[in-house]
Amino acid sequence: MTAARLPRVVLRLHRTALIVWTLFVLGAVAFLVWLNEVEADRVQAQTTLCRHASTYCANVFASLDYSSPMGWISSVVYYSFWGVAAWAGAALIGRELESGTAQLAWTQGVSPTRWLATKLALPALALTVGGTLFVFVFRWGWSAHRDLMGDDWTFNDVFAARGPALVAWSLCALAVGTLTALLLRRSLPALAVSVSVMVVLNRYMEKHRTDLWPNTPTDRSRHPASHFWPMNLIETGILLTIAALSTTAAFWSLRRRTA
Amino acid sequence: MTDTAGLAMEAADLGRRFGRARLSPAWALRGCAFQLPAGRVCAVVGHNGAGKSTLLALAAGLLVPTEGTIRVLGTDPASARARVGFVSQEKPLYPQLTIAETLRMGADLNPDHWDAATGERIVADGDLDPKSRIRALSGGQRTRVALALALAKRPDLLLLDEPMADLDPLARHELMGVLMSQAAQHGTTIVMSSHVVAELEGSCDHLLLIGAGRVRLSGEIDDVLTAHARLSGPAGTPLAPHTVIESRTTGRQLTALVRKSGPLPTDLHPATPSLEELVLGYLRNPGTSVTTTSPSEKAAA
């Protein structure tokens, strides 16, 4: 028996979301490249000019032209998992259960388990590929012009965007959104609940990030830069565990309801 | 006991409850038992909320029974998924897809047994443009697309929940013809629920009457009809030992619908009821005891 071409159907149903995500990631990456390859040189020239000027210099804040969009990009991409949670809860699963279209797939020979597996695997793949690409480009861009930036690695967005935690946040949002939608079976409540859960989880994690790895006893307030990787990996591990538990619960609740 | 291979649907002590066990448990269906031989066109009738949709959703594998079992095409509903077609009352379709994309989805999901020509013909017969989006269609047009999707799947068992409700009389007649020819050509078993009894008379040969979550009557329509009689005579005539489904006394005149047990007194002018009279009689009198014609009982009769 030929296997049903379910991935193709899922892609056709969610092509708008895929296009939006692709443009979002490519746009962010392109902006990063432009900032570091073109804008940074211009800003650098102006600040050097100011440093040697003896009189009033109009470009004293020129470095903001570079550092402010750099901060914006990492923040927007980092917090895009709110959008992922909203989309997964409302559009990917919630709307299908609310309008009954999920049942259409289930009576076209696709088992509910396979339907959910495909519905989760394809977005997870897109989020992982897009997120990983961004992380690599951001790591390069962020370290390229440290003299123009006022931030450091402990800033919330920088911390997440320089490691796998960025991808883990979006995967966690996907799983939480899916579970909420399966439990609530309505798109709008699922959207509200899954975004709220992710915002609360995010606030909590950001507050307790410094506790993820033991600090040196001499200096309790600041982590050395060498703590970045263990901290980022532990946060990634926690988020992926939550994602795995949510996914298991989602499959369990679906299996319990349907044959 | 029975040849299960020849059964399209078989339920034993089937029950489905909605809501929490302790907080207001509501049984949509309970203690449901019946057998439907393959190749039949079966009408499922009952009040609104009698449990018809729940029964069809259980057979389609969209719900799991709270108790009892249901088997379709000789196996469990999950394993029969590829061979069962289902159109629910709401006819859910993806609003963002076009008709052509919807049919292509059916082809993608049923790679081995997709009859593209049937799907396209049903859509074309309704003068629908394959390029129009589902969200732009009327209720009746959507029904047509949903039926095209279910029929092009070439199912062995087709479950239809109130399929004709929002079709105009012409489309209703035409699509009923499409369904009947499908049943005749491919031996498809069709199970359709409706509360328009007139719509079912003439096209269905098997009846499943559901009331208050239970099967109240099931069997071949001809057998069911001949097992009952419409009586009229002087008031006060004893009707025992026959089971009275419905009786009414107007002045000195008694009219009754009974389920026969033994020969009938000729002074009560016994006549075979129409399907509509029979169904209405049962529906008006939900208190009457459960009566089921099983195939074995029918064979003995």
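Chain A of this predicted model has 10 helices and zero strands, whereas chain B combines nine helices with 12 strands. The two chains touch through a contact that takes 24 residues from chain A and 25 residues from chain B. Chain B is assigned two domains, domain 1 (4-220) and domain 2 (227-289), and both of them give residues to the largest nonpolar core, so this core lies between them.

**Chain A**

- Read from the N terminus on, the elements of chain A run α-α-α-α-α-α-α-α-α-α, and its C-alpha atoms fill a box of roughly 80 × 45 × 35 Å along the principal axes.
- Of the 259 residues of chain A, 42% count as buried, and among its contacts with a separation of 6 or more, 80% are made by residues 24 or more positions apart.
- An unreviewed UniProt entry carries the annotation "transmembrane region" for residues 16-35, 76-94, 120-142, 162-183, 188-205 and 233-254 of chain A.
- Two of these annotated stretches can be compared with the model: residues 162-183 of chain A are 86% helix and 0% strand, with the end C-alpha atoms 34 Å apart, while residues 233-254 of chain A are 100% helix and 0% strand, with the end C-alpha atoms 31 Å apart.

**Chain B**

- The C-alpha atoms of chain B fill a box of roughly 65 × 45 × 40 Å, taken along the principal axes, and 44% of the 301 residues of chain B count as buried.
- A compact globule of 301 residues would have a radius of gyration near 19 Å, and the 21 Å of chain B agrees with this.
- Residues 24 or more positions apart account for 70% of the contacts in chain B that have a separation of 6 or more.

**The two domains of chain B**

- The centres of domain 1 of chain B and domain 2 of chain B, taken over C-alpha atoms, are separated by 33 Å, and 10 residues of domain 1 of chain B are in contact with six residues of domain 2 of chain B.
- On the side of domain 1 of chain B that touches domain 2 of chain B, α6 (197-200), β8 (206-211) and β9 (214-220) of chain B each supply at least two residues, and by class this side has six nonpolar, two polar and two charged residues.

**The contact between the chains**

- With 24 residues from chain A and 25 residues from chain B taking part, the side of chain A that touches chain B draws at least two residues from each of α1 and α5 of chain A.
- The residues on that side of chain A divide into 10 nonpolar, 10 polar and four charged.
- Helix α2 (residues 99-109) of chain B has as its buried residues I99(B), T102(B), L103(B), R104(B), M105(B), G106(B) and L109(B).
- Those buried residues of α2(B) pack against elements of both chains, namely α1 (6-13) and α5 (101-106) of chain A together with α3 (116-125) and α4 (139-152) of chain B.

**The largest nonpolar core**

- This core holds 151 residues, of which A173(A) and L159(B) touch the most other members, and its largest share, 15 residues, comes from helix α8 (residues 165-184) of chain A.
- Leaving aside neighbours within four places in sequence, L159(B) is in contact with L56(B), A59(B), A60(B), V84(B), G85(B), F86(B) and V191(B).

**Two individual residues of chain B**

- G49(B) lies in the loop between β3 (41-46) and α1 (52-59) of chain B, and it counts as exposed because it has 12 C-beta neighbours inside 10 Å.
- Although G49(B) and G213(B) are 164 residues apart along the chain, their C-alpha atoms are separated by 8.4 Å.
- R230(B) lies in strand β10 (residues 228-234) of chain B, and R230(B) is buried because 20 other C-beta atoms lie within 10 Å.
- Not counting residues up to four places away in sequence, R230(B) touches L257(B), A271(B), P273(B) and E277(B), whereas the C-alpha atoms of R230(B) and D166(B), 64 residues apart along the chain, are separated by 33 Å.

Technical notes:
Residues are numbered from 1 along each chain as its sequence is written. Chains are lettered from A and ligands numbered from 1 in the order in which they are written. This is a predicted model: local features need pLDDT of at least 70, side-chain atom pairs count only at pLDDT 80 or more; totals for chains, interfaces and linings use all residues. UniProt positions are given in the numbering used here, feature names are shortened, and annotations may be inferred rather than shown by experiment. Helices (H or I, at least four residues) and strands (E, at least two) are DSSP runs, numbered from the N terminus. Two residues are in contact if their C-beta atoms, placed from the backbone, lie within 7 Å. Ala, Val, Leu, Ile, Met, Phe, Trp, Tyr, Cys and Pro count as nonpolar, Asp, Glu, Lys and Arg as charged, and the others, Gly among them, as polar. A nonpolar core is a set of buried Ala, Val, Leu, Ile, Met, Phe, Trp, Tyr and Cys residues joined through C-beta atoms within 7 Å. Domain bounds come from an automatic or database domain assignment. The radius of gyration is taken over C-alpha atoms; the globule rule is 2.2 Å times the number of residues to the power 0.38.
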